[in-house]
Amino acid sequence: MKQIITAKLKLLATPEQHYALRQIQLAYRNALNYVSQYAFEHDKTSNEKQLHVGTYYEIRARFKLPSEMTNNVIRQVGATYRSLWTKTRKNVKHRKNKITKKRFKGLDKPPKYVSPTVTYNFGYDYSFKSEQKVSIRALDRRVIIPYQGYVKHVALIQQGVTVKAARLWYDKRYKQFYLLVILELDIVDLVPGVQRAIVGVDVGQRYLATIATMAEEQHFFPGKAVRAKADHYVRLQKQLQRKGTRSATRRLRSLSGRERRFKLDTNHVIAKTIVEQHHQAFIGLEDLTGIRERAKRRKGRRKDKKILPLTLKQRRANRYMSKWAFAELQDMIMYKATLAGSVVIKIDADYTSKACPICGYRDEKNRPDKGLLFICQNQACAYKLRSGRTYTLHADLVGARNIAMRTLCVWQDWIQTGQLSVVPGSLCGPDASDSELKAAKRSRLERYAELRWES
């Protein structure tokens, strides 16, 4: 099994080397914009062969880029236009189905490349030398530069791990070059039965992650601090935008991306903690594909047959939803767990926080006002019959326990059949129809409804 990671190497360049790297960055960016303009003028084409015939020799002559780098420019522009055409077709479909009224304007003018990031091919444009140095191609020559990086990543490079393409990135604020190298690791294929624990991970907004294991271990990662920090940045940005002075603009620029980096670091810490606490585990995550389309943001509120603007609380809820980085957290958990010898799968997320793990009773009333308290409304619940009390628990913990039970089902199927379904519906095959996928999902949900948590 292959695992892709990115090593961030800090280049210790001299002033002359710094100038040479900066020159090739600017030439690469200018070449991207030239090819983008050419593609726009020729029916907004994404055909790489057509772009190659029309721009290759001009790029070589005008921007002095080497052959492999010229090909990278053409491939990058072609990929950009393919992505824009895909978004355009989706937008036409969504407008036809009245999902949105906005027209996608990505192809109204040629895409402009602002970032001067350069793509290098290993063995052609860059290579590693002894004594922790890397040889990088500039416009007219190669430069050999010492580098620093994460100790484990540097050790992998020196041990001869498979190296792929890299990107030369420039941190304008600190005037520092970094080489982002893609490494391909060979991971031993895991077999069922060696996992030490079954873990369910429920992601949310008020609690970024809630962990539950079949051994009744539990752990919460609250998101209150992240929300407070995000609200602080929003208030600060509004104040600076209203002020509008030159100093306020400079302050806005310095704050740019700070909230995003804070959330990235928070997700990294959570993922690392989960993986370290549950080494060699079988971890289940919710499949939340399309959740933003299903949970539509409110655009107005009704009062006496009138549509009024949203309240401050409703606008804040919309902002939280649009900036919820659940996919980033799940991706981090998946790749970190794979490197640590764990197995991560995605299971159906339907009714995980609405179904009682003790009796299986499913009802929206189990979560009064959609709050954080789960109260089972089933009068014949096994817990109530046994203890005389209503089953009450944290709603996110209920979701994590249901995910853990469903994960246990997949693990048992893996042991019995020797096949692991990593994504819901994958057992139906890539050519399965929508009706077959829906039938398979109904079958899985019927089976999940029979699960019971023993406590």
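Lysine 152 is an exposed residue, with a relative accessible area of 57%. It makes a good entry point to this predicted model. Lysine 152 sits in helix H4, which covers residues 151-158. From there, one can look across to arginine 452: the two residues are 300 positions apart along the chain, and their C-alpha atoms are separated by 43 Å.

**The chain as a whole**

Let us step back for the overall picture. The protein chain has 13 helices and 16 strands. Its C-alpha trace spans about 80 × 60 × 45 Å along the principal axes. Of the 455 residues in the protein chain, 41% count as buried.

**Salt bridges**

Side chains of opposite charge can pair when their charged atoms come close. How many salt bridges does the structure hold? There are 13 salt bridges in the structure, and the table shows some of them.

| Salt bridge | N to O distance |
|---|---|
| arginine 82 and glutamate 48 | 3.3 Å |
| glutamate 259 and lysine 323 | 3.4 Å |
| aspartate 413 and arginine 447 | 2.7 Å |

Take the pair of arginine 82 and glutamate 48, whose closest N and O atoms are 3.3 Å apart. Arginine 82 belongs to helix H3 (residues 67-96) and glutamate 48 to helix H2 (residues 48-63), so this salt bridge ties together parts that are 34 residues apart in sequence. Arginine 82 is partly exposed, at a relative accessible area of 37%. Glutamate 48 is also partly exposed, with a value of 28%.

Next come glutamate 259 and lysine 323, which meet through their side chains at 3.4 Å, N to O. Here glutamate 259 is in helix H7 (residues 258-277), while lysine 323 is in the loop between helix H9 (312-322) and helix H10 (326-339), so the pair ties together parts that are 64 residues apart in sequence. Is glutamate 259 buried or exposed? Glutamate 259 is buried, its relative accessible area being 11%, whereas lysine 323 counts as partly exposed at 35% relative accessibility.

The side chains of aspartate 413 and arginine 447 also form a salt bridge, at 2.7 Å from N to O. This pair links distant parts of the chain, with aspartate 413 in helix H12 (residues 395-417) and arginine 447 in helix H13 (residues 434-448), 34 residues apart. Aspartate 413 counts as partly exposed at 26% relative accessibility, and arginine 447 is partly exposed with a relative accessible area of 35%. Returning to glutamate 259, salt bridges with shared partners join Glu259, Lys263 and Lys323 into one network.

**A positive patch on the surface**

Which residues form a positive surface patch? Lys172, Arg246, Arg250 and Arg253 make it up. Lysine 172 is in the loop that runs between strand S6 (162-171) and strand S7 (176-186). With a relative accessible area of 66%, lysine 172 is exposed.

**Cysteines without disulfides**

A disulfide is a covalent bond between the sulfur atoms of two cysteines. The structure holds zero disulfides. Cysteine 376 is in no disulfide, and the nearest cysteine sulfur, in cysteine 359, lies 3.7 Å away. That distance can be set against the cut-off, because a disulfide is counted where the two sulfur atoms are within 2.5 Å. Cysteine 376 is buried, with a relative accessible area of 5%.

Why is cysteine 409 too far for a bond? Its closest cysteine sulfur belongs to cysteine 356, and because the sulfur of cysteine 409 is 16 Å from that atom, the two are too far apart for a bond. Cysteine 409 counts as buried, at 5% relative accessibility.

**Two lysines with positive phi**

Most residues other than glycine have a negative phi. Against that background, two lysines in loops deserve a look. Lysine 44 has a phi near 55 degrees, a positive value in a residue other than glycine. This lysine 44 is placed in the loop between helix H1 (15-41) and H2, and at 25% relative accessibility lysine 44 counts as partly exposed.

Lysine 64 has a positive phi too, of about 60 degrees, although it is not a glycine. Where does lysine 64 lie? Its place is the loop between H2 and H3. Lysine 64 is exposed, with a relative accessible area of 54%.

Notes
Residues are numbered from 1 along each chain as its sequence is written. This is a predicted model: local features need pLDDT of at least 70, side-chain atom pairs count only at pLDDT 80 or more; totals for chains, interfaces and linings use all residues. Side-chain values use heavy atoms; hydrogens and water are left out. Patches are made of residues with over 30% relative accessible area and no salt bridge: like charges are joined within 9 Å, nonpolar side chains (Val, Leu, Ile, Met, Phe, Trp, Tyr) within 5 Å. Accessible areas come from the Shrake-Rupley method with a 1.4 Å probe; for residues, only the protein chains shown count as cover. A salt bridge is a side-chain nitrogen of Lys or Arg within 4 Å of a carboxyl oxygen of Asp or Glu. Lys and Arg count as positive and Asp and Glu as negative; His and the chain ends are not counted. The place of a charge is taken as NZ of Lys, CZ of Arg, CG of Asp or CD of Glu. Helices (H or I, at least four residues) and strands (E, at least two) are DSSP runs, numbered from the N terminus. Buried means under 20% relative accessible area, exposed over 50%, partly exposed in between (1.4 Å probe, protein chains only).
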